[in-house]
Amino acid sequence: MGHINDIGSAIGRLAREAEPNLVEIRRDLHAHPELAFEEHRTASLIARELTRMGIEHQTGVGQTGVVGTIQGGRPGPTLVIRADMDALPIHEQTGLAYASRTAGKMHACGHDMHSSTLLGVAGILAQLAPDIAGTVRLLFQPAEEILGGAAAMIQDGVLDGVDMALGFHNHPELPVGRFAAVRGATYAACDRFRITVRGISGHAAYPHSTVDPIVAACHLVASLQTVVSREINPLDPCVVTVGAMHAGTVHNIIPDACELLGTIRTLGLAVRGQAEAALRRICTGLDATFRTQTALDWNPGVPPTLNADRVLDGAVAAVRRQLGEVFDAGEPSMGAEDFAMIAARVPSFVLRVGSGAAGRDDHLHNSSYQPDEACIGLGAQALARAAVELLAG
Ligand code: NI
């Protein structure tokens with residue numbers, strides 16, 4: 001590699017040159033949001049840009065994903081950088097000129113910016129390729145919002161021969177220009193459950209001749225509150241939420257069944273197993289108490305997203321050299337991220353990229369989310385510098 005500062009100024013210059021096009025691409029993607037595993041237009045726009053930059057790539061990976069490859073001029077390890085591409089089923093309320101043209105779909109999690117940021121990284125690294133030691137594999141991943149796209153791409157072999165991985169997410173609670181890094185678990189495990197409490201239906205006037213699933217289900221919801229409060233160590237974060245409860249039709253019939261839907265979120269593997277075991281036990285106990293028949297459908301989602309110290313330290317040092325002292329203290333989030341599937345297999349780090357616009361109080365998945373687009377160029381610089389230095393070792 002040439003002088004480390006020469007690399008830094010080259011990255012800065014290339015990012016500034018690319019920025020107008022990256023913003024234009026982001027706005028194009030924003031106007032045309034696509035939901036999980038439907039990212040056909042998004043993928044072809046990305047493939048078109050990679051072709052324009054002369055970057056070798058493959059489409060149709062993990063259904064609608066795209067993989068680009070940049071071969072460095074010298075031998076070295078293989079680094080993955082991953083961006084997600086999918087939008088959300090939200091009706092956009094921003095009123096922007098480039099607002100979603102599809103009713104009920106919106107890029108409200110900023111994956112449009114992630115895709116354009118990674119295209120920015122691709123352009124920078126392609127031009128610096130002779131100075132890079134190793135290989136950069138760029139993953140444009142579908143279906144993050146349903147926690148399914150990473151697994152689909154892994155199944156298609158995108159982690160074969162990979163030594164480490166970088167992910168990133170925009171964070172509107174951080175002002176643009178700021179970054180954050182969380183040691184250890186940065187995002188939570190998220191598992192889903194569906195519980196069906198079966199009773200025996202009958203007339204509301206004669207409850208003794210029925211088995212009432214609603215009363216039993218109400219006790220179940222209350223008992224589930226004791227998983228966190230009475231069983232899990234208070235120093236281990238855990239959330240149990242019942243988000244839906246469906247039963248009955250009218251005021252004078254005790255129904256046959258009551259269905260509950262919920263999630264459990266945890267930051268550690270041990271507490272994840274402990275919470276699942278408690279849920280199973282409480283469901284079993286319900287039947288002995290209320291004469292019901294309870295069925296639990298446990299749907300494992302993603303593990304916690306664990307940052308590897310070595311990758312985090314290397315990346316943070318590189319970002320500091322590129323952009324100065326730009327890091328704020330970050331805390332783990334109880335939200336889930338399917339990059340966890342990648343981080344569970346190769347040493348990884350997820351960089352939090354500030355996207356908060358001045359004077360706004362935005363949050364993700366909100367129908368009025370308006371990030372500061374300067375996070376695209378800054379994010380591209382940060383990730384490109386981190387990639388070059390992590391590969392150089
Ligand atoms: Ni997201």
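The questions and answers below concern a predicted model of a protein with a nickel ion.

Me: Which protein atoms are the donors of the nickel ion?
Reply: The donor atoms lie 2.1 to 2.3 Å from the nickel ion. Along the chain, the donors follow the spacing C-x1-H-x57-H. They are C109 (SG), H111 (NE2) and H169 (NE2).

Me: How many residues apart in sequence are the parts that C109 and H169 tie together?
Reply: Both C109 and H169 are donors of the nickel ion. C109 sits in the loop between β3 (74–84) and α3 (111–128), whereas H169 belongs to strand β5 (residues 164–175). The pair therefore ties together parts separated in sequence by 60 residues.

Me: Is C109 buried or exposed?
Reply: A residue is buried when its relative accessible area is under 20%. The relative accessibility of C109 is 5%, so C109 counts as buried.

Me: How many disulfides does a search of the whole structure find?
Reply: A disulfide needs two cysteine sulfur atoms within 2.5 Å. For C218, which is partly exposed at 43% relative accessibility, the closest cysteine sulfur is in C258, at 6.9 Å, too far for a bond. Over the whole structure, the number of disulfides found is zero.

Me: Which residues have side chains in polar contact with the side chain of Q141?
Reply: Q141 lies in strand β4 (residues 133–141) and counts as buried at 1% relative accessibility. Leaving aside residues up to four places away in sequence, Q141 touches several residues, including A83, M85, G149 and M153. Its side chain makes one polar contact of 2.8 Å and another of 3.0 Å. The partners are, respectively, R82 and D338.

Me: Which side chain does a polar contact of 2.7 Å join to that of R82?
Reply: The side chain of R82 has a polar contact with Q141. The residue asked for is found in the loop between β15 (327–329) and α8 (340–343), and is buried with a relative accessible area of 3%. The side chain joined to R82 at 2.7 Å is that of E337.

Me: What backbone atom lies 3.0 Å from a polar atom of the E337 side chain?
Reply: The side chain of E337 also has a polar contact with the side chain of R82. The atom in question, at 3.0 Å, is the backbone nitrogen of F339.

Me: Which donor of the nickel ion does E337 touch?
Reply: The donors come from C109, H111 and H169. Not counting residues up to four places away in sequence, the residues touched by E337 include R82, E144, Y187 and T305. Also among them is the nickel donor H169.

Me: What is the radius of gyration of the protein?
Reply: The C-alpha atoms fill a box of roughly 85 × 45 × 40 Å along the principal axes. A compact globule of 393 residues would have a radius of gyration near 21 Å. The value for the protein agrees with this and is 24 Å.

Me: What percentage of contacts between residues at least 6 apart in sequence join residues at least 24 apart?
Reply: The protein has nine helices and 16 strands, and 53% of its 393 residues count as buried. Among contacts between residues at least 6 apart, the share joining residues at least 24 apart is 81%.

Me: What share of the exposed area do carbon and sulfur atoms supply?
Reply: The protein exposes about 16300 Å². Of this area, the share supplied by carbon and sulfur atoms is 52%.

Definitions and conventions. Residues numbered from 1 in each chain as written. Predicted model: local features only at pLDDT ≥ 70, side-chain atom pairs only at ≥ 80, totals over all residues. Heavy atoms only, no water. Donors = N, O, S within 2.8 Å, 3.2 Å for Na, K, Ca; no water. Helix = DSSP H or I, 4+ residues; strand = E, 2+ residues; numbered from the N terminus. Buried < 20%, exposed > 50% of the residue type's maximum accessible area, 1.4 Å probe, protein only. Polar contact = N/O pair within 3.5 Å; in protein donor to acceptor, adjacent residues only side chain to side chain. Contact = heavy atoms within 4.5 Å. Rg over C-alpha atoms; globule rule 2.2 N^0.38 Å. Areas by Shrake-Rupley, 256 points an atom, 1.4 Å probe, with all protein chains shown as cover.
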